[in-house]
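Please look through the model shown here slowly, keeping the sequence beside it as you read. The paragraphs that follow are meant to be read with both in view.

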Amino acid sequence: MARRLMQLRGTLAPVVLAVVLPLTVLTACSEDREPVATPSASPTPPPVDDPAKLTLGVWGSPAEVTAYGEVVRMYNASTDAADVTLASWPDDASMTAALEAGQPVPDVFLVSRGDMEQLRADDRVSPVDNYLDARAVDLGDEYSRQALEAFSADGRLLCMPYGVSPKVIFYNTDLVDFPRMEATGLEVPTSKDHRSWSMEQFVTAATFATTIRPGVKGFAIEPSLKGLAPFVLAAGGRIADDADEPSALAFSDDDTRDALETLLPILRTPEISLAPDELGNGTILGRFKRGRLGMMVGDRSLVPELRAVPNLRWDVMPIPSIDGAATIGDYTALCISRESERREDAADLMVGLASEALLEPVAATGHLVPVNQKVALSDDFLQRTQQPLHAQVFVNSVRSMEILPFTHEWPALEAAAAAPLRQLFAAGPTVDIDAITEQVDAAAETVLQPGS
């Protein structure tokens with residue numbers, strides 16, 4: 001803690017002191033005037049008469065909220081220019097509901113990319129690019145272009161990218177035992193850092209997992225749009241009709257149908273794939289935690305929960321490549337409220353929160369994949385002494401990540417497409433893919449273009 005606080009003071013000093021201390025302007029003296037003695041530097045800054053009372057709004061698990069509380073204490077200890085208090089919610093939907101109900105908007109708050117459209121429409125955020133320029137913050141080296149574009153509009157950066165959550169494969173290393181598989185002559189991923197593997201290797205791993213314990217299934221995929229999406233993309237299919245300005249789903253697109261022709265025989269193989277009706281009242285995660293499932297899809301938020309399961313040994317791999325590498329995911333960002341009366345101080349807080357010193361405590365909880373590449377590749381995130389052994393898979397997967405469209409409409413899209421999608425998973429080898437994918441797109445149209 002002491003080391004981090006020292007780092008924090010060094011990191012924030014240029015930002016905070018630029019606001020707290022008045023600039024000393026030295027003018028040239030004329031030849032006939034007496035030289036003016038330069039005052040000696042004060043060892044400590046003068047006290048702040050009007051420290052900013054700021055609120056930081058976040059959402060997350062209890063462990064994450066606790067980490068944000070530590071971050072707030074560290075920030076407050078580093079400066080007299082601001083006094084920050086924490087407001088928290090269990091998830092982004094709860095925070096959004098609270099703000100829509102009239103609760104004051106925090107000066108700085110965490111948002112998911114899906115909430116940006118509405119926040120922008122309601123004019124609730126103050127673009128951050130000018131604040132970053134004024135503080136000489138260069139995002140070019142440590143932030144991906146995709147992350148910056150995710151929170152940009154009309155040539156402005158609306159919020160500062162903070163976290164990212166790509167979907168990856170979680171696998172039970174007792175069931176999917178690559179060294180043991182290789183020793184028996186089976187094909188396994190060759191890259192030492194788990195950078196990629198093929199669909200054939202994925203199926204081999206799933207099949208091997210079923211031979212280790214009776215009643216084990218090799219893998220499970222949710223029969224949903226989001227569950228299918230990373231595999232459809234990896235197989236060369238599309239989710240929406242237009243990547244830049246989507247207006248409809250594209251499951252009946254020829255490329256997507258070809259992708260499903262490749263995927264469905266695998267997804268419907270009863271010997272290795274867990275069928276939806278086999279779960280009963282359980283969950284895919286619950287079955288994985290009990291050691292009854294070889295592989296599942298998830299994101300970084302599952303890490304602390306899985307670490308807490310006794311005797312469960314697991315690791316991560318990227319989504320298997322078919323036509324190419326692909327996955328889905330989303331971003332979070334830090335925004336400055338347009339309603340804040342102390343936006344300059346709020347900007348100092350935002351920059352501080354995105355600094356390495358203040359990202360470390362949140363990354364250390366295991367939930368967050370930092371957008372900041374320097375932190376994402378640090379020991380605070382990779383946590384090499386804990387599961388998963390190959391945490392860099394999360395970082396590598398961001399490069400091939402696609403953000404799903406229609407964020408606000410997505411729950412309604414899932415509900416509308418649920419019935420035909422279950423047919424895809426449950427039907428036999430003679431399933432009419434053309435007819436079912438047309439049903440999926442037609443169901444989506446009732447949500448995206450009602451009354452058309």
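What follows begins with confidence, then turns to two sheets and a pair of helices.

This is a predicted model, in which local features need pLDDT of at least 70 and side-chain atom pairs count only at pLDDT 80 or more, while totals for chains, interfaces and linings use all residues. Residues are numbered from 1 along each chain as its sequence is written, and side-chain values use heavy atoms, with hydrogens and water left out.

The term pLDDT stands for the predictor's confidence in each residue, from 0 to 100. For the protein chain its mean is 87, and 88% of the residues reach 70 or more. Over residues 1-9, however, pLDDT stays under 50, and the model has 22 contacts for them beyond four places in sequence, a contact meaning heavy atoms within 4.5 Å. Residues 13-43 also have a pLDDT below 50, with 17 contacts in the model beyond near neighbours in sequence. Where pLDDT is low, the predicted coordinates should not be read in detail.

Helices (H or I, at least four residues) and strands (E, at least two) are DSSP runs, numbered from the N terminus, and two strands pair if DSSP finds at least two bridges between them. One open sheet has six strands in the order β2-β1-β3-β12-β6-β13, with mixed pairing. Its edges are β2 (82-89) and β13 (369-370), each of which has a single partner strand, so one side of each is left without a neighbour in the sheet. Strand β1 (residues 52-59) runs parallel to β2 and is joined to it by eight bridges; among the residues involved, W59 has W89 in β2 as its bridge partner. Helix α2 (residues 62-78) packs on this sheet, where it touches β1, β2, β3 (108-112) and β6 (160-164), and its direction makes about 175° with that of β2 (axes are lines fitted to C-alpha atoms, for helices over the stretch in contact, and angles run from 0 to 180 degrees between N-to-C directions).

Another open sheet has four strands, ordered β8-β9-β7-β10, again with mixed pairing, and its twist averages 25° from one strand to the next. Strand β7 (residues 168-172) and β10 run antiparallel, joined by four bridges, and I169 stands opposite M317 in β10.

Finally, helix α10 (residues 254-267) packs against helix α19 (residues 433-448) at an angle of about 120°, the axes lying 11 Å apart. The contact is made by R257, L260, E261 and L264 of α10 together with I433, D434, T437 and E438 of α19.
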